[in-house]
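Me: I would like to go through a structure by question and answer. Please show the sequence and the coordinates first.

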Amino acid sequence: DAGTMKGLPRDTAIELAAQTVLGAAKMVMEGGGRHPAQMRNDVESPGGATIVGSMTLEKHGFRAAVVEAVSNAADRATEIGKK
């Protein structure tokens with residue numbers, strides 16, 4: 001929705017969002033054991049778009065939300081497996 005809000009056609013916005021996630025996943029998979037935060041720091045330019053986006057995610061608790069979602073899903077999977 002953000003890409004469309006900024007004037008991109010919806011199909012272009014979806015493609016760019018998907019490519020962004022794919023690129024990030026590929027960096028982690030091919031990162032040679034480097035922590036994702038180190039890789040993120042490598043691509044964040046001072047005053048650039050990436051660091052502004054990263055800080056916005058942090059401001060809104062993105063990391064905490066992902067950690068909690070994965071933890072809760074794992075707990076639920078364990079509960080289901082015990083039935």
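Me: How much accessible surface does the protein chain have, and what share of it belongs to carbon and sulfur atoms?
Reply: This is a predicted model, in which local features need pLDDT of at least 70, side-chain atom pairs count only at pLDDT 80 or more, and totals for chains, interfaces and linings use all residues. Residues are numbered from 1 along each chain as its sequence is written, and side-chain values use heavy atoms, with hydrogens and water left out. Accessible areas come from the Shrake-Rupley method with a 1.4 Å probe, and for residues only the protein chains shown count as cover. The accessible surface of the protein chain is about 6,800 Å², and the share of carbon and sulfur atoms is 63%.

Me: What is the order of elements from the N terminus on?
Reply: Helices (H or I, at least four residues) and strands (E, at least two) are DSSP runs, numbered from the N terminus. The protein chain has 5 helices and 0 strands. The order is therefore α-α-α-α-α.

Me: What is the radius of gyration of the protein chain, set against the globule rule?
Reply: The radius is taken over C-alpha atoms, and the rule is 2.2 Å times the number of residues to the power 0.38. For 83 residues the rule gives 12 Å, and the chain is well over that, so it is more spread out than a compact globule. Along the principal axes, the C-alpha atoms fill a box of roughly 50 × 30 × 25 Å. The radius of gyration is 16 Å.

Me: What percentage of the residues count as buried?
Reply: Buried means under 20% relative accessible area, exposed over 50%, and partly exposed in between (1.4 Å probe, protein chains only). Glu44, at 14%, is one residue that counts as buried. Of the 83 residues, the buried share is 8%.

Me: How far apart in space are Met5 and Ile80, C-alpha to C-alpha?
Reply: Met5 sits in helix α1 (residues 2–5) and counts as exposed because its relative accessibility is 67%. In sequence, Met5 and Ile80 are 75 residues apart. Their C-alpha distance in space is 40 Å.

Me: Which helix gives the most to the nonpolar patch?
Reply: Patches are made of residues with over 30% relative accessible area and no salt bridge, like charges being joined within 9 Å and nonpolar side chains (Val, Leu, Ile, Met, Phe, Trp, Tyr) within 5 Å. Leu57, Phe62, Val66 and Val70 form this surface patch, with about 350 Å² of accessible area together. Val70 is exposed, at 54% relative accessibility. The element that gives the most, with 3 residues, is helix α5 (residues 62–81).

Me: How far apart are the centres of the positive and negative side chains?
Reply: Lys and Arg count as positive and Asp and Glu as negative, while His and the chain ends are not counted. A charge is placed at NZ of Lys, CZ of Arg, CG of Asp or CD of Glu. There are 10 side chains of each sign, and the two centres are separated by 4 Å.

Me: How many salt bridges does a search of the whole structure find?
Reply: A salt bridge is a side-chain nitrogen of Lys or Arg within 4 Å of a carboxyl oxygen of Asp or Glu. Arg10 and Asp1 form one at 2.9 Å, N to O, and Arg40 and Glu44 another at 3.2 Å. The total is 5.

Me: Which residue forms a salt bridge with Glu79?
Reply: The closest N and O atoms are 3.1 Å apart. Glu79 is partly exposed, at 43%, and its partner is 3 residues away in helix α5, so the two are separated by about one helical turn. The partner is Arg76.
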